[in-house]
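Visitor: I have a structure in front of me and I would like to learn how to read it. Could you take me through it, feature by feature?

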Amino acid sequence: MTFDFRIFSIMLAFVALALAPAAEAQNRLGNTELNVPATLVAEAQQVKAGQSITLAFVMEPKPTWHGYWENPGDAGIGMSFDWTLPAGVTAGKAQFQVPDTLLISGIMNYVYKGDYAVLVNLTLSDKVRPGPLPISVKSEWLSCTDEICVPEQDELSITLQVVGKDTSTVLDKRFDGFRAALPRPLGSEASFAVSDDLFRLSIPLPANVEINQPYFFILEDGVVDYAAPQTFNRDGDRLILETGARGDGFDTITGILKIGNHDGFLITASKGEVAMTGLPLAGDGPKQEGSASLLFLALGGAILGGLLLNLMPCVFPILSLKAISLAKSGGNETVVRRDALAYTAGVVLVATALGAVLLGLRASGAAVGWAFQLQDPRIIFVLLALVTAIGLNLAGLFELPNINFGNKLTRKDGAAGSFWTGALAAFVATPCTGPFMAAALGATIVLPPIAALIIFAGLGVGLALPFLLIAFVPAIRSRMPKPGPWLDSFRKIMAIPMFLTSIGLIWLLGRQIGTDALGLSLVFLLTVSLILWWFGGGQMKGLSRGALTSAAMVAAILGGIIALPDEEAMQDQKLAHSSGATLPSEAFSEVRLSELRASGQPVFAYFTADWCITCKANEAAAIQRTETAEAFEAAKVAVLMGDWTRPDPVISRFLEKHGRAGVPLYLYYAPGEEPVILPQILTVATLTELVSKPV
């Protein structure tokens, strides 16, 4: 074990303070020789009988030295006062300014790193007579650097003058600054709870109060783990803190909620029920110096994750459109570069726009995550119409010189077509969460909005990167095939991925709105196909039917949306999904998770959605396999499944708590241990090895 001389010096400090009376002559060194010298000053030199006056211990640490708050944290000693006061004069409780944190070798200290003041009110009775009023106090405190600690003490004195009630007094303006750094009374009582080694504190605080890097300094010792990180959520007009707990021996606690530099509130809290509701507080998380490194790491993960998205099945159908565009260009440098830049612009713009909408919804209090738009069957209806139309167009059923619909945009020649193809690729790619993306998107929860938008834009850059390389690397571009008769056959072949995507969207609608309403999507698909067939037939006869076709398509989409089942029917369908699985599961809830962990049972919790291709692939290849089910049954592993196909605020908050902006998320809880976050690509071996390890 590494020896920490600073901890040893604190131990010596306790001994030295205990022996202080014997060494008093040697410790009264005078302010100039103390590492944190103290000066006793009064707000006024004159005081009146029956009134109060404020004294200040002005503490001025030397460079690299610091003093301590009244609760020093894991180590240190608070300041003490031994008053010598005339008859009729009483000293109140010391008032400490908002402190700072100092973490050294896992030891959390509550300190003052610069000049600070400790205020004490003296109250005079009506019987105190005019004349000199000598005040003296013997004070002891601990002074430390990051390496050593020295116990210090001094006898401080000041003589005031008691004057008549009609005498005017002059106030020291420095006290205005001293009081400004004191915590303000909150005025409303908070509540706290200790459960499962977690401490939670719910503070009534209006949503319009500006908060920067909050921290709760608790006065009572033995309640919280000082070194544990503090997580804050905002739920309307309440601020909720969660951190590690050490004990549960108090019915009431007090402390300071720091909300900015030298700015905070005095908190009094009573024991009660506290749930970790709301959303992570904007700005809660890394300090400013750490935000830049987090941003660069997350941006790199977003670009790499976007690049790997091109290998995912959810993106491939849209890439077929871009493949046709590249084939048409025949490797022409100017055309390829123009189209690649336009495609990139479409991808980046839509990825950033989706991120902006996501951040806006979160800021408004909605619990949403990445791919939130595919949780709405109305969006699925629009996508089904668009993908079906593109597939029929590629198959040669009709051409698009006149029809005013979304797939015209993706089939235009030139930069405009490339732009809208990129926009569609970004929109459809969101159900996929590949390697490196989870951490990158999770970082958008804690980073400032501008930094989060940069990460979303980086995801778009990664998605467009293959086409940028083709456009700007001659060795790759020279291998592009020349246009020819083969292009028409290639175009028709590329219709197949589009039709497969349509089948996938129909399946997704069935999962969201139920098997009875699945017929609605099939009727809708038939209607769209007939409209486009009629339009294509008119083209063969030289008839212009563009306006009627556009109106018919809009009417079909609106009619389908209106005919969708209500929310209650969709929730009933969600409950029906859990039956018949190879690996049975219970619906996820934090209450059920806590019950299972308290009973000592291992737990596998996974979070999925029907529109998440990665999720479905993992379930087919690893989770819903006989080998996995048998291994989990033998080890008595409880399985909890969080279905995020439809919006679920409880699951959204749990994902954010674990640094995820979307699914999938896989967690394994061994008895008595912290959860293990599993990789996003699972195998049977990954799961079975979990339960085969000795506990």
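Visitor: Among contacts between residues at least 6 apart in sequence, what share joins residues at least 24 apart?

Guide: Look at how far along the chain the partners sit. In this predicted model, 76% of those contacts join residues at least 24 apart. Take Leu171 as a case. Leu171 touches Glu43 and Ala44, leaving aside residues up to four places away in sequence. Leu171 and Ala44 are 127 residues apart along the chain, yet their C-alpha atoms are separated by 4.9 Å.

Visitor: Where does Leu171 lie, and is Leu171 buried or exposed?

Guide: Leu171 lies in the loop between β12 (149-163) and α3 (174-180). Exposed means over 50% relative accessible area. Leu171 has 53% relative accessibility, so Leu171 counts as exposed.

Visitor: Is Ala117 buried or exposed?

Guide: Use the other cut-off: buried means under 20%. Ala117 has a relative accessible area of 1%, so Ala117 is buried. Ala117 belongs to strand β10. Beyond four places in sequence, Ala117 touches Phe57, Gln95, Gln97 and Phe178. Thr39 is 78 residues from Ala117 in sequence and 9.4 Å away in space, C-alpha to C-alpha.

Visitor: And what about Ala685?

Guide: Values between the two cut-offs count as partly exposed. Ala685 has a relative accessible area of 37%, so Ala685 is partly exposed. Ala685 lies in helix α22 (residues 684-692). The C-alpha atoms of Ala685 and Thr628 are separated by 8.4 Å, with these positions 57 residues apart along the chain.

Visitor: How many residues does the chain have, and what share is buried?

Guide: The chain has 695 residues, and 51% count as buried. Its secondary structure comes to 22 helices and 26 strands.

Visitor: Which residues touch the most other members of the largest nonpolar core?

Guide: For a core, look for buried nonpolar residues joined through their side chains. Here the largest core has 62 residues, and Phe57, Leu133, Phe199 and Leu201 touch the most other members. Strand β10 (residues 116-124) supplies the largest share of this core, 5 residues. There is also a second, separate core of 30 residues, with Leu394, Met494, Leu509 and Ile557 among them.

Visitor: What does Phe199 touch?

Guide: Leave out residues up to four places away in sequence. The partners of Phe199 then include Phe192, Val194, Phe216, Leu241 and Ile253. Glu242 and Thr243 are also among them.

Visitor: Now the outside. Which residues make the nonpolar surface patch?

Guide: Leu526, Leu530, Trp533, Trp534 and Leu548 make a nonpolar patch of about 560 Å². Helix α15 (residues 515-540) gives the most to this patch, with 4 residues. Trp533 lies in that helix. Trp533 has a relative accessible area of 54%, so Trp533 is exposed. For the whole chain, the exposed area is about 31,200 Å², and carbon and sulfur atoms supply 61% of it.

Visitor: Where does pLDDT stay under 50?

Guide: Start with the average. The chain averages a pLDDT of 80, and 78% of the residues score at least 70. Then look for low stretches. Over residues 1-32, pLDDT stays under 50, and the model has 44 contacts beyond four places in sequence for them. Over residues 284-290, pLDDT also stays under 50, with 10 such contacts. Where pLDDT is low, the predicted coordinates should not be read in detail.

Conventions:
Residues numbered from 1 in each chain as written. Heavy atoms only, no water. Core = buried A, V, L, I, M, F, W, Y, C linked by side-chain atoms within 4.5 Å. Buried < 20%, exposed > 50% of the residue type's maximum accessible area, 1.4 Å probe, protein only. Helix = DSSP H or I, 4+ residues; strand = E, 2+ residues; numbered from the N terminus. Contact = heavy atoms within 4.5 Å. Patch = residues over 30% accessible without salt bridge, like charges linked within 9 Å, V, L, I, M, F, W, Y side chains within 5 Å. Areas by Shrake-Rupley, 256 points an atom, 1.4 Å probe, with all protein chains shown as cover. Salt bridge = Lys/Arg side-chain N within 4 Å of Asp/Glu carboxyl O. pLDDT = per-residue confidence, 0-100.
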